[in-house]
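Student: I am new to this structure. Please take a close look at one part of it and then show me how that part sits in the rest.

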Amino acid sequence: MWFATASPNTIAEQFRGQCTAYGFRPGTPEMAQCIQNEAQGRRSSNSRQMAALAQMNATMAANQQSTVRLQTQCTSFQGVTTCN
């Protein structure tokens, strides 16, 4: 969600420090490529995490539906038991 709302400058600033730590110099094409690669890697990672969470939620919902318990009330009269 952050990528959808953050400005390109904010995104670049987020990864600039990491690329500097890798040894890239500000203002070079290599730095720009590093920032782009890091941002794309984070987007991909976030997408995989969101897909995993969606799958987990779907599995949990399916499990809840399969374990629904029904309440049954039985009555007996003259040797005959009836349950609702």
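Tutor: What follows starts with one helix and then moves outward to the chain.

The model is predicted, so local features need pLDDT of at least 70 and side-chain atom pairs count only at pLDDT 80 or more, while totals for chains, interfaces and linings use all residues. Residues are numbered from 1 along each chain as its sequence is written, and side-chain values use heavy atoms, with hydrogens and water left out.

Helix 2 covers residues 8–21, which makes 14 residues. Helices here are DSSP runs of H or I with at least four residues, strands are runs of E with at least two, and both are numbered from the N terminus. From its first C-alpha to its last, helix 2 reaches 20 Å, close to the 20 Å expected at 1.5 Å a residue; the expected span is 1.5 Å times one less than the number of residues. A kink of about 35° is centred on F15, the bend being the angle between axes fitted to the seven residues ending at a residue and the seven starting there. After helix 2 comes G23, with a positive phi near 110°.

I11, A12, F15 and C19 are the buried residues of helix 2. Buried means under 20% relative accessible area, exposed over 50%, and partly exposed in between, with a 1.4 Å probe and protein chains only. These four also belong to the largest nonpolar core, which has ten residues and includes F3, A6, M31, C34, I35 and A39 as well. Helix 2 and helix 3 (29–66) are the elements that give two or more residues to this core. Such a core is a set of buried Ala, Val, Leu, Ile, Met, Phe, Trp, Tyr and Cys residues joined through side-chain atoms within 4.5 Å. M31 touches R16, C19 and T20, among others, leaving aside residues up to four places away in sequence; contact means heavy atoms within 4.5 Å.

As for the whole, the protein chain has three helices and two strands, in the order α-α-α-β-β from the N terminus. Its C-alpha atoms fill a box of roughly 95 × 20 × 15 Å along the principal axes. Of its 84 residues, 13% count as buried. In the loop between strand 1 (74–77) and strand 2 (80–83) lies Q78, a residue other than glycine with a positive phi, near 55°. Q78 counts as exposed because its relative accessibility is 70%.
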